[in-house]
Structure formats: structure tokens, C-alpha cells
Amino acid sequence: MPFLDRVNRWAEACPGELAVVCGDDRLSWRGLRTAAAALAASGEPTGILRQGNGVDFAVRWAAGVAGQRECAVLDPLWPDELAEEVRRRCAARRPAAPAPATLRDGDPASSFLIGLTSGTTAVPKGFARSRGSWRRGFEASVEHFGLRAGDRVLAPGPLSASLNLYALSECLYAGAAFATLPRFDVAAAHAEITGRGTTRLVLVPAMLRVLAERGLAAGVDAGGLTAIVCAGQKLDRATLEAARRWAPNAVVWEYYGAAELAFVAARCHRSGEPAGPIGTSVGTAFPGVEVAVLDDDGRPVPDGQAGTICVRSDLVCEGYLWGDDGQAFGELGGLHTVRDRGLLRDGQLHVLGRASEMINTGGHNVYPHEVEAALASVAGVADVVVAGLPDGTRGERVVAGVLLAPGRPTRGELRSGLEGRLAPAKRPQQYVELQELPLTASGKLSRRLFRDWVLEGDPRARPLG
């Protein structure tokens, strides 16, 4: 793994300084190296990591990828039957590597991680990651996002999620102190930020929104934050504005990527700069990454025209080990893609959503991100999620779920607010009021869960009068 040699370096250079903390539990760099080396050499199986947040997670992660070992990180909330099936598939892949004599990195070309797509019922797809791909990612992201050895980074989400697993590993590489929480808790996160010198946050926008808005209401001082890094879903204007008021000295980064592709594009919102339009833009290509938008035949489309987002990058994974249905990671026109749809305009990448999430209504193709971006700019809309539901006349109808801010716009006001912002064929045919956002366990917006709420008449998604 591309951070173990660095852990050894920090353990020698600053042995007593903080490496990892979770709540009241903490490990120094020397403590982390000692514990991980002992576990790696013990012969205890380390190829499956399925546990909640804690400093022991970091120990088991480091031991699980030592030498030529390979590790799969499972969501601890998955059912036992699902976890056992993943365990069986990992065991069938290849014999476990022998216990290493020392805590060290393996061959850069070798696989260290079996990445897993999210899933709660079906068996997730599994893909292989080489040590070299993450090493190159660290070199790029540490420089681009300005991570330094003196930083203290808080990632309050589950470490089994790829965003937070990468953040932990990146800190171990860069020599920055890494903090997490036993579970996401607003008061605990605020205490970590104000009382322990946190300088950076890594999290999904939904978590940032809650921390910023409640922090502003409670007078929690986040002036010590210098950077906020968001991914997992599009950063919306309300969240950005709340974050800027709450953490006025922080540069806010958002990036677009995928577990299989790693970084694709990034956008920086600097403190004090006037907020530009948010919309569907996710910024420009990440350093070292070539981004193209291609048609179904693998040919580039004109600037401003929608197509499939593809990349040429040495950060991508090595391919699927199981579960490849041809609908996700693959190649198009000699480039790699996860089948997201988008467009390039003046060098800016705009993400419209997965091809599988596209809504065909009355013969028109509608992308949820487009509708969400337009609705988010309407006064009184605090947050929004859009999906397509079956419709006997149109094939599918566009359904918008909205969290309403004080003032509570009516359905008619929402409709009129879209005039001039969205073509008539793309406007929602149905509105529901959300009592909360449909989020996965890792805090990502789930259109699938939203569809289920509407179809099942869940009280968390009520018709908007």
C-alpha cells in the first residue's frame, strides 16, 4: 500500500505526535506502526475489514494491505448474508498473501484493495485497485487540495465509504493527523472542530449542510477551518453559502469522481470570492486527467452537447473482479467511463447523472441533475431530489421532492420559479414535500430511496399542495 513506508517515516520523525483519533481513542505515529506491524505479523486474517469507525479500523487497514496483501472493506451495516457472499468471492480470488515480516509497502503494480460498489440487497460489484494508482492519486490530491503535515483533518462519515477511506489513507501518506467519529453526530463534530484544532473537513455535502446550518444557529466558531473538501454528490448553492458564513476562512473544494475512476474534475470556491453560478458544473479536469464527452460510437461531441463522460487517466482501477454487467465501469472510444452523462462547456465539466437515472418523459430525455440545479435556485427551496416514476401516458414522469425553507413556496410558485430556468418538457409533473432527505448510510443522496418513498406512500414524502 502506498502509505506504509510513509507511516514508518512519520513514526521515526515524530513518534509521539497524533496520527489517528476517534472520540477519546487516539494513536500516535509510533503507536499506529507498532500495532499494525504486530497484527500483520500475527497471522490473523486481515483480508476482510468489516467494522465501524475507530482507531482500530486504521490499524486493521494498515495491516490488511501490508506487503503484498489485499483487503476488502465492507460496510458494517450490510446484512450478514451479503457480507458472507463478498467474503466467499474474495477468498476464491486468490490465496491470502503470507504475513509480512515488517510493515512495508508492496509492489506498486500489485492489487491492495478490492473495491466494492454500494449495495444493501444485491451483491455489490467488486473491482481491483493497484497500489500505484492510489500512490499517484495521493501525489496529485495532496498538492491540488493543499494538504500539509501540520493539518488536522476531520472526516465524520463512515470509514467504509470510499471518500473517507481515501481521506484516512491520504493523511497517513501526508503525515496529517486524521480524526473521525464513532458515528456521525453534529455536536461531537462541532466539538472536534472548535476544541481540537481541526483545520480541514472531508465529507459529503449533506453532512456539511447540517454542520454549517446548526453551527451558525448555535454560534459554533469554525474560523479555524482552512479547507473543506466535498464529494459524493453535487454541492448546491445553499450548502455552499452556509459553509462560507460558518467557516469564512476556508477554501471549499468540490470534486467529481467515482471509486473506479478516482478523481475526474474539481472546482474551488475561494474565501471572499463572489459566488458564481452553481448549476451542474463540477469544475475543470483534475491534474493529469484528460476528460472527454463522447457519443455512443465513441466520438467526441460538440462543446455544450450531452454525451458520456470518459477519461484517460493513470488513476483508474484495474477492472471488475465480479458483477460486470456492462452498465458501469468500462471503455468507450479507448477511454474509461462509468457511464455518467454530461457535457463540456468552455473547459468546465457539467455532470447530468448516470445514464441509468435518465428520465424519458414523453419522448424527451431529462437528467435529474439539471432539474435539481434549476429548482435549487428557486426561493424557498432548501434542498431537492428528482427522479422518474412510471407513467402510463408519458412513459415516465418527472417527480421532484423538495425540502422547504421558511416561506414555504406553493406548487404553483415552484412551477413559476422554473420559467426561464428550465425547458417546459423538463419541468416536474409531480411535486412532493420531503420531511428529510433520502440518504444512504454514508450520507449520499439516494434517488432510488426517494422513488421507493413516493411509490410506497411513505410519510417522509407527502404530496405538495
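**Exercise 1. Place Arg209 in this predicted model and work out whether it is buried or exposed.**

Start with the secondary structure: Arg209 sits in helix H8, which runs over residues 205-218. Next, take its relative accessibility, which is 8%. The cut-off for buried is under 20%. Arg209 therefore counts as buried.

**Exercise 2. Find what Arg209 touches, and which backbone oxygen lies 2.3 Å from a polar atom of its side chain.**

First, skip residues up to four places away in sequence; the contacts of Arg209 are then Asp236, Ala238, Thr239, Ala382 and Asp383. Then look at Ala382 in that list. Its backbone oxygen is the one you're after, 2.3 Å from a polar side-chain atom of Arg209. For a polar contact, the N or O atoms have to be within 3.5 Å.

**Exercise 3. Zoom out: how does the radius of gyration of the protein chain fit the globule rule?**

Count the elements before anything else: the chain has 12 helices and 26 strands. Now compare radii: the chain comes out at 22 Å, close to the 23 Å that the rule gives for 465 residues, so it is as compact as a globular protein of that length. For the extents, the C-alpha trace spans about 65 × 50 × 45 Å along its principal axes.

**Exercise 4. Work out what share of the residues is buried, and what share of the contacts joins residues at least 24 apart.**

Burial goes first: 55% of the 465 residues count as buried. For contacts, keep pairs at least 6 apart in sequence; 68% of these join residues at least 24 apart.

Technical notes:
Residues numbered from 1 in each chain as written. Predicted model: local features only at pLDDT ≥ 70, side-chain atom pairs only at ≥ 80, totals over all residues. Heavy atoms only, no water. Rg over C-alpha atoms; globule rule 2.2 N^0.38 Å. Buried < 20%, exposed > 50% of the residue type's maximum accessible area, 1.4 Å probe, protein only. Contact = heavy atoms within 4.5 Å. Helix = DSSP H or I, 4+ residues; strand = E, 2+ residues; numbered from the N terminus. Polar contact = N/O pair within 3.5 Å; in protein donor to acceptor, adjacent residues only side chain to side chain.
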